[in-house]
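Reader: I am new to this structure and should be grateful for a close look at one part of it. Please choose a sheet, describe how its strands are arranged, and then set that part in its surroundings.

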Amino acid sequence: MALKMVKGSIDRMFDKNLQDLVRGIRNHKEDEAKYISQCIDEIKQELKQDNIAVKANAVCKLTYLQMLGYDISWAAFNIIEVMSASKFTFKRIGYLAASQSFHEGTDVIMLTTNQIRKDLSSPSQYDTGVALTGLSCFVTPDLARDLANDIMTLMSHTKPYIRKKAVLIMYKVFLKYPESLRPAFPRLKEKLEDPDPGVQSAAVNVICELARRNPKNYLSLAPLFFKLMTSSTNNWVLIKIIKLFGALTPLEPRLGKKLIEPLTNLIHSTSAMSLLYECVNTVIAVLISLSSGMPNHSASIQLCVQKLRILIEDSDQNLKYLGLLAMSKILKTHPKSVQSHKDLILQCLDDKDESIRLRALDLLYGMVSKKNLMEIVKKLMTHVDKAEGTTYRDELLTKIIDICSQSNYQYITNFEWYISILVELTRLEGTRHGHLIAAQMLDVAIRVKAIRKFAVSQMSALLDSAHLLASSTQRNGICEVLYAAAWICGEFSEHLQEPHHTLEAMLRPKVTTLPGHIQAVYVQNVVKLYASILQQKEQAGEAEGAQAVTQLMVDRLPQFVQSADLEVQERASCILQLVKHIQKLQAKDVPVAEEVSALFAGELNPVAPKAQKKVPVPEGLDLDAWINEPLSDSESEDERPRAVFHEEEQRRPKHRPSEADEEELARRREARKQEQANNPFYIKSSPSPQKRYQDTPGVEHIPVVQIDLSVPLKVPGLPMSDQYVKLEEERRHRQKLEKDKRRKKRKEKEKKGKRRHSSLPTESDEDIAPAQQVDIITEEMPENALPSDEDDKDPNDPYRALDIDLDKPLADSEKLPIQKHRNAETSKSPEKDVPVVEKKSKKPKKKEKKHKEKERDKEKKKKEKEKKAEDLDFWLSTTPPPAPAPAPAPVPSTEELSVNAVTAPKDEYEDAKTEVQGEEDDAEGQDQDKKSPKHKKKKHKKEKEERIKGKKKSKKQPPGSEEAAGEPVQNGAPEEEQLPPESSYSLLAENSYVKMACDIRGSLQEDSQVTVAIVLENRSSSILKGMELSVLDSLNARMARPQGSSVHDGVPVPFQLPPGVSNEAQYVFTIQSIVTAQKLKGTLSFIAKNDEGATHEKLDFRLHFSCSSYLITTPCYSDAFAKLLESGDLSMSSVKVDGIRMSFQNLLAKICFHHHFSVVERVDSCASMYSRSIQGHHVCLLVKKGENSVSVDGKCSDSTLLSSLLEEMKATLAKC
Amino acid sequence: MIKAILIFNNHGKSRLSMFYQPYSEDTQQQIIRETFHLVSKRDENVCNFLEGGLLIGGSDNELIYRHYATIYFVFCVDSSESEFGILDLIQVFVETLDKCFENVCELDLIFHVDKAGLVGAPARAVSAVKNMNLPEIPRNINIGDISIKVPNLPSFK
């Protein structure tokens, strides 16, 4: 034995070590593979030895080879042997090799469980460390389950080095074994406050990584993180936390409000660019989550934009890049603030770094307006010419198209310019985006009727030019443009100047070199052209000319008949036969033109790309069922080029025999119309096709289009887009002058015929009229299209399993699995001899358990969620919390409270400030009222006296009159002047589609509910449907929603509104505290549908819950009133309004009406009033009218409520 | 999270690579090749961020690299990492190598691949799970036969 050992170590001296291996590989550059295979053979020999040092050396070499790309999975068992070596240097090699080569599929990995457990509990921290490190790379679900408890114990190890690693590796364990998350989470949370900053930051990292995937489960940790953020000085930790907040804010906008201030402070104070950048990023996220209407945040946006500008201006390319990246995030919500830095971004376009140029391009997309579009695109075009790489040039090309076509061509004022830009782009060599240009050409030509004439002239020029044909070999190359050109020339052939010339161009022999699908379009459109030429010739009486054209067709079409492409061949032979037939008819002098053009009568309407998908499946139709049993798969599908444009398929039915006489045709048309009317899938919106049938089809019937004649219509050769820029400037100048003139004459300016269905004309600052009268046709959608938003969540996402509610208390069943014959305390001491078999037998049991737990979880979830929400609400609330303290949070609540104490008052103060400001505006004259305390005291005394008088008077009154006095005054007292009719509905919001008015009513039955009745009036000519009301709940006021819908869901309005109709919808809101007024923001979204299409619209509104709306008119008898006043537990307050000339009678009526009071008693110019809130507060008023002023003294069981009420009353009175 | 650390020379020859997600050996080599093609095309004076290695991770990921002499250090990270942080990390890693080998050069990496790997080990240990906590890592590591001391770190960029 000893001899063997000695022999082993002698052998070892001749083994190659890693250095030798590396050197050897370098020396065998020519036959590296051979040398390595030789080395692997040697290694295999070495692995067979008993000596652990030899084995370790071999494994070390294998690790290197693995890195070079050689498979070493065959040595997995040897790696485990080395891992279990007692000497640390060997063990380390083993773990390194394992971490590089083991994965879930490695079958021997289950042998490692006990070895790893032993190492984890080793007295040497390095053994533990290396085991943790290795485990992090190859942990499997089984290992995670078996070792989770051991690792969790290590999280409280005495050495920070181990704690840190243990915390970090828990993340991997969670990923593989999600059930461990809940039991381990409390300890993980403890580690957030570990004395060692390394451990702390590890915990932050793990939680951040978890929260990034399922942020909503970690909202409750926000207070803790907030504390860390304000206290930590470790930039790494700060960055992580700030990034985490960026993920949380979209879920909880109130969190964002809280964050803005500390974040802006950090932005101001930090010198670290990385931290600054992350702060800016999160502030942006906050601003996105808050609705943009808040004025006090414009400062934060400005700050961000400013800081980013500094980054972008920096000479360091990295800063520049990230600055642009963040800028593009701001752009989405606050385009205005970015637009002011246009100069800087255009400058970046000239940067030598391609990444930076691409970022700048992204930004440009949001910066265009009607004014600068031409200028920006011109600049991009010069870049296109300069660009070297095709990828960058292609990127530029797609960006130009994106920029121009964005939001339904919103920024294009001159489509002639756009067409010429597209034509210029066709001169790009070797681009791969020919189809993009083609699609744009088609889209514009079809949807902008006014441009067709110009487009056709350009397209015929394209068809005529040779350069496009030259590049015909490349797929998706620029020759795709010819597809569009041919189609446009054919479909709108009536606009062609020289159709005959174009026809010849399309029939050139060179055309046959084009890709098949383009040739097919050529063939089809040649016939269209031919039809329109025939028509012209026959009308002009040139029978010979017509015959000559037919002859040309008969001569040239055979070249397509021979095409290898099936589609081309089929179409060509069909058409050839047709033309030959026409030729025969022509020989007999039969007029054919009309019938031939009848083949192409009617207009093609653009159809939305998703239209087909949105057609609802008819009832009883199972699309998945086989119609016929599938054949065997011997037939291979024909490799046909994919048709890029859908129109192609739905083109035309088969050619009708042209000898059909007029009557026959008419009959068929009728039949077809009938069929179309009955066919739900036939999409019809514009009446134009039918119109054209009724009259004889002819050139004069084509919609006449006005075109700005400042642009030459017939452009020789290709146009230059630049000239449009000049022309456009001139035109705008002229427009401006005209406008000025008109303004002088004070003429009513007629509305321009500009109609854009999808976008409301909101650009007040740039009302540039388009050069042409443009009618952009919206794409069609089928009737009753299904709103289908596909769920794009990936079911295979490994992080989905970690979507676990962490706040509910742990159940007994949720402990980490521990091996059975030991308890948790002793599990530290290693015991090797746990048979593997036992573990396996445990498996099925666990699965059952899991299942049960899940079910239980579901049940529990609801309750827990509510509780959690309350806790968080408490922390986030800016108003004082409701009287009962919220249930203690799972987090040590003292911290929470202390954070609260620091931050909440500030917010409160701010809120209060803004409120006060608003109210001050409302009633300015009131300030005089606030006199010196002395004055007040005097006044009070007087008031008291007066009230006593009043009381005495009331007592004097005969009992019979009490009832009458109890009734509201406006019912009696007809001798007073009539009040103007008033509505309790106040205007909520309005736009050109809809007007919203609302009334808020309380009821005594429900002490914390009010009903909001919203009247919706349709003022447009469209039908409004699919209306949804979404209201952003506040802490204090919530909308009652149907069960199961979340806070962010809208509540549907239960009716549709035809034009001119109004209807009322009622919603219930739950109010907790009624002592202050509050506003809720909401949005009404709806679909406006008229003949031309449907658009999706929104209307924002603010629901104002005044305190008066919580009051309910309640009659009160004067003796009860007196008792109430005497009881002494009412607090009192008063207001005075000057400059009131309204009669006292009307004044009281107003108070009764708007503030829901009833008059108890009235004596001369003095009246006592009473009301009750929905929560049972008594409110008593004494209203007195002086010469020109009114004073109101109030008493109420809640002083806050009273002062709010009086403020509101002051506002009402001030209007009198 | 750091997805992979790749170190290769100007010719695309891999010097040290570590993947924190399981890939087959072939895929690993392919990733290295692809990354090399992306990175080597770029000039010296351009920014250090690159979007979209196609093989690793997808759109959420980016490559952050630095080029020292003949060696590229490439970190593939997802969006939870701070871009500047990783750049600093690379800097620290290189400085640590420099301390370890005294004027580190490519040959050091070639012949002491195991030690270089160990220098990166703490980084790997942490990054394997998550990003590393820079001020904490290398202060004083005594593992087996090498001892590395790292001076105070340069402040943030």
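Author: The account below begins with one sheet of chain A and then turns to two helices, a residue of chain B and the two chains as wholes. The model is a predicted one.

In chain A, 5 strands make up an open sheet, and their order across it is S1-S2-S3-S7-S5, with antiparallel pairing. At the edges stand strand S1 (986-990) and strand S5 (1037-1039) of chain A, each of which pairs on one side only. From one strand to the next, the twist averages 30°. Strands of a sheet pair through backbone hydrogen bonds, either parallel or antiparallel.

Consider the edge formed by S1(A). Strand S1(A) is joined by 4 bridges to strand S2 (residues 994-1002) of chain A, and the two run antiparallel. Together, S1(A) and S2(A) form a hairpin, with 3 residues between them. Within this pairing, A:Glu990 stands opposite A:Lys995 in S2(A).

At the other edge, S5(A) is joined by 3 bridges to strand S7 (residues 1062-1071) of chain A, again in an antiparallel manner. There A:Arg1038 has A:Thr1070 of S7(A) as its bridge partner.

Two helices of chain A may be set beside the sheet. The 17 residues of helix H18 (residues 317-333) should span 24 Å at 1.5 Å a residue, and the end C-alpha atoms lie 26 Å apart, which agrees. Of these 17 residues, 14 are buried, so H18(A) is largely enclosed by the rest of the structure. The N-terminal end of H18(A) is capped by A:Asp316, a side-chain oxygen of which lies 2.8 Å from the backbone nitrogen of A:Asn318.

Helix H33 (residues 566-587) of chain A has 22 residues; at 1.5 Å a residue they should span 32 Å, and the end C-alpha atoms are 32 Å apart, which agrees. Its N-terminal end is capped by A:Asp565, where a side-chain oxygen lies 3.1 Å from the backbone nitrogen of A:Glu567. The buried residues of H33(A) include A:Val568, A:Arg571, A:Ala572, A:Ile575 and A:Leu576. Their cover includes helix H30 (516-540), helix H31 (543-556), helix H32 (558-561) and helix H34 (593-598) of chain A. Just after H33(A), A:Asp589 takes a positive phi of about 65°.

One residue of chain B leads to chain A. B:Ser14 lies in strand S2 (residues 14-19) of chain B. Because its relative accessibility is 9%, B:Ser14 counts as buried, the cut-off being under 20%. Leaving aside neighbours within four places in sequence, B:Ser14 is in contact with A:Met67 and A:Leu68, and also with B:Ile7, B:Phe8 and B:Ile32.

Finally, the chains as wholes. Chain A has 45 helices and 15 strands, and 49% of its 1216 residues are buried. Its accessible surface comes to about 61,100 Å², with 52% belonging to carbon and sulfur atoms. Among contacts in chain A between residues at least 6 apart in sequence, 71% join residues at least 24 apart.

Chain B has 4 helices and 7 strands, which run β-β-α-β-β-β-α-α-α-β-β from the N terminus on. Of its 157 residues, 61% count as buried. Chain B exposes about 6,100 Å², and carbon and sulfur atoms supply 49% of that area. Among contacts in chain B between residues at least 6 apart in sequence, 49% join residues at least 24 apart.

How values were computed:
Residues are numbered from 1 along each chain as its sequence is written. Chains are lettered from A and ligands numbered from 1 in the order in which they are written. This is a predicted model: local features need pLDDT of at least 70, side-chain atom pairs count only at pLDDT 80 or more; totals for chains, interfaces and linings use all residues. Side-chain values use heavy atoms; hydrogens and water are left out. Two strands pair if DSSP finds at least two bridges between them. Axes are lines fitted to C-alpha atoms, for helices over the stretch in contact, and angles run from 0 to 180 degrees between N-to-C directions. Buried means under 20% relative accessible area, exposed over 50%, partly exposed in between (1.4 Å probe, protein chains only). Contact means heavy atoms within 4.5 Å. Accessible areas come from the Shrake-Rupley method with a 1.4 Å probe; for residues, only the protein chains shown count as cover. The expected span of a helix is 1.5 Å times one less than its number of residues. A polar contact is a pair of N or O atoms within 3.5 Å; within protein, one must be able to donate a hydrogen and the other to accept it, and residues adjacent in sequence count only if both atoms are side-chain atoms.
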